[in-house]
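This report describes the fold, the packing and several individual residues of one protein chain. The sequence and the structure are shown first, and the description follows.

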Amino acid sequence: MMIRLWRTSMHGGGNEGSDSLDQATEGPDRAPEGPDRGTDELDRAAAEFVAARPQLFGIAYRVTGSAAEAEDVVQEAWVRWQRTDRSQVQEPAAFLATVTTRLAINVTQSARVRREAYVGPWLPEPVDTSADPQLGAERAEALDLAVLLLLEKLNPVERAAYVLREAFDYAYARIADIVETSEANARQLVSRARRHLAAERRDPVDSAAHRRFLEVFLAAAQDGRLSVLEEVLTADVVSYADGGGTRGASRIPVVGLPHVSRYVVAFAPRFWPGADVRWVEANGRPAVLVSAGGNPVALLSADVSARGIERLLWVLNPDKLARWVASPDG
C-alpha cells in the first residue's frame with residue numbers, strides 16, 4: 001500500500017476539502033534531510049518523476065483547465081516528492097498521481113473564486129496536442145475545450161473523478177482512494193459528471209468533419225458572408241470570447257444564430273485584414289491561430305456536432321496565447 005502525504009475532508013459527495021495542503025510535508029511521512037540522501041537515490045527519484053510527468057500534467061491540466069496552473073501543480077508535486085520518505089512508497093507513479101490530483105483539486109477550489117471575478121467569459125487555456133494527442137492519458141477524453149468548459153460547472157472532486165475514470169481509466173476503487181471517499185460514491189461522482197455532459201452537449205463529429213465545418217465558417221467570417229454563416233451555425237449557437245479584460249472582446253456570451261452571425265460579420269472588417277491565419281491542433285481538435293505582426297492575437301476553436309457549429313470559443317487573452325508564440329505549425 002502506498003503512503004499518503006496528507007488527509008483532506010472530501011467525503012460525502014465531493015465537498016471541498018478543509019485541510020490545508022501546506023501541511024503536506026509535516027508529520028511522519030516527511031523524509032529526513034541530510035547527507036544520507038545520496039546522489040544515486042535522488043537521481044532515481046528524479047527519473048521516476050520524469051517518467052510520470054506527462055500523466056501528472058495531463059491530470060492537472062484536465063482538472064484545472066489551465067496549463068499555467070497545471071505546471072505549478074506538477075512543480076509542487078516534484079517538491080513534495082523530494083521531501084517524501086520514498087522508501088515507504090511501493091508505486092511511485094500511483095503515489096505521484098494521488099499527490100497531483102489532490103493538489104489540482106485544491107487549486108481548482110481556489111480558482112473558482114478568482115474566476116467569478118474574471119472580466120468576461122472564462123475559457124480553458126488551449127494546449128498544443130500535436131506531439132501528444134492524448135496528453136499523457138490512456139484516452140483523449142476530457143480534453144476538448146468545450147468539454148473542459150462544461151466541466152467547470154462541476155465541483156472539483158466530481159471533475160477529478162471524471163477525469164481519472166474517462167481519460168486515465170482508473171478503477172473506481174483507486175479513484176475512491178485518491179479523493180478519499182467510498183467506491184460507491186466514486187461511481188456516483190463519475191455518473192453525475194457523465195449525465196451533465198450528456199445533457200449539455202451533442203455528440204461531436206470526427207476531426208475531418210470538424211475541420212470542414214470550421215473551414216467554411218472561417219472563409220465566411222473573413223468575407224462577412226452572412227448567408228453562409230447562417231448555414232454552418234446551429235440555431236442555438238453560442239460564441240464565447242475570452243479576452244480577460246485586455247482585448248476588445250464581448251464581455252458576455254453571444255447567444256443564438258441571428259446574434260452570433262451578425263456579430264461575426266460586424267467585427268470582420270476590423271479583425272481579419274492583415275491577419276495571418278494558420279491551422280493548429282488544440283486540445284485534440286483542429287483550430288485556427290490568428291496572428292498579427294508575428295504575435296498571436298486569437299485562437300479559434302469550435303464545438304461541432306452533425307447539426308453544425310454549436311459553440312465558438314475565441315481565446316484572446318494574451319496570457320493564454322503566450323505558449324503559442326513558438327508553437328510549430330499545425
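In this predicted model, Tyr170 touches Gln55, Ile59, Ala97, Leu164, Arg165, Ile175 and Ile178, with residues up to four places away in sequence left out of the list. Tyr170 is placed in the loop between α6 (156-166) and α7 (172-179). Its relative accessibility is 11%, and because the limit for a buried residue is under 20%, Tyr170 counts as buried. Between the C-alpha atoms of Tyr170 and Glu138 the distance is 9.5 Å, although 32 residues separate the two in sequence.

**Overall architecture**

The chain comprises 12 helices and six strands. Of its 330 residues, 53% are buried. Among contacts with a separation of 6 or more, 71% join residues 24 or more positions apart. The chain exposes about 14600 Å², and 50% of this area is supplied by carbon and sulfur atoms.

**Nonpolar cores**

The largest nonpolar core contains 67 residues, and Tyr61, Leu151, Tyr170 and Leu299 are the members that touch the most others. Helix α2 (residues 39-64) provides the largest share of this core, namely nine residues. Another core, of 33 residues, lies apart from it and includes Leu229, Val232, Val264 and Ile309.

Which residues surround Leu299? Beyond four places in sequence, Leu299 touches Pro126, Val280, Ala282, Ala287, Val288, Leu289, Leu313, Trp314, Val315, Leu321 and Trp324.

**Helices**

Helix α2 packs against helix α3 (residues 67-83) at an angle of about 145°, and the two axes are 8 Å apart. Their crossing is right-handed. On the α2 side, the residues that meet α3 include Phe49, Arg53, Leu56, Phe57 and Tyr61. The α3 side of this contact includes Val73, Val74, Ala77, Trp78 and Trp81. Tyr61 therefore appears in two settings, since it is among the members of the largest core that touch the most others and also among the α2 residues that meet α3.

Helix α4 (92-116) has 25 residues and extends 36 Å from its first C-alpha to its last, close to the 36 Å expected at 1.5 Å a residue. Most of α4 is covered, with 18 of its 25 residues buried.

Helix α11 (residues 257-271) has 15 residues, which should span 21 Å at 1.5 Å a residue; the end C-alpha atoms are 20 Å apart, in agreement with that value. Its buried residues are Leu257, Val260, Ser261, Val264, Phe267 and Ala268. These buried residues pack against α9 (207-223), α10 (226-232), β1 (233-242), β2 (254-255) and β6 (308-315). One of them, Val264, is also named among the members of the 33-residue core.

**The loop between α4 and α5**

Three residues of interest, Leu123, Leu135 and Ala142, lie in the loop between α4 and α5 (145-151). The table gives their relative accessible areas.

| Residue | Relative accessible area | Class |
|---|---|---|
| Leu123 | 1% | buried |
| Leu135 | 8% | buried |
| Ala142 | 4% | buried |

Most residues other than glycine have a negative phi. Leu135, however, has a positive phi, near 50°, and Ala142 has a positive phi near 55°.

Where does Leu123 make its contacts? Leaving aside neighbours within four places in sequence, Leu123 is in contact with Leu149, Tyr240, Asp242, Leu313, Trp314, Val315 and Lys320. Leu313, Trp314 and Val315 in this list are also touched by Leu299. The C-alpha atoms of Leu123 and Ala146 are separated by 8.8 Å, and the two residues stand 23 residues apart along the chain.

**Arg285 in strand β4**

Is Arg285, in strand β4 (residues 285-292), buried or exposed? With a relative accessible area of 13%, Arg285 is buried, because that value falls within the cut-off of under 20%. Not counting residues up to four places away in sequence, Arg285 touches Asp144, Pro204, Val205, Asp206, Ser207, His210 and Val280. Val280 is likewise in the list of residues touched by Leu299.

Notes:
Residues are numbered from 1 along each chain as its sequence is written. This is a predicted model: local features need pLDDT of at least 70, side-chain atom pairs count only at pLDDT 80 or more; totals for chains, interfaces and linings use all residues. Side-chain values use heavy atoms; hydrogens and water are left out. Helices (H or I, at least four residues) and strands (E, at least two) are DSSP runs, numbered from the N terminus. Buried means under 20% relative accessible area, exposed over 50%, partly exposed in between (1.4 Å probe, protein chains only). Contact means heavy atoms within 4.5 Å. Accessible areas come from the Shrake-Rupley method with a 1.4 Å probe; for residues, only the protein chains shown count as cover. The expected span of a helix is 1.5 Å times one less than its number of residues. A nonpolar core is a set of buried Ala, Val, Leu, Ile, Met, Phe, Trp, Tyr and Cys residues joined through side-chain atoms within 4.5 Å. Axes are lines fitted to C-alpha atoms, for helices over the stretch in contact, and angles run from 0 to 180 degrees between N-to-C directions. A crossing is left-handed if the near helix is turned anticlockwise from the far one by less than a right angle, and right-handed if clockwise.
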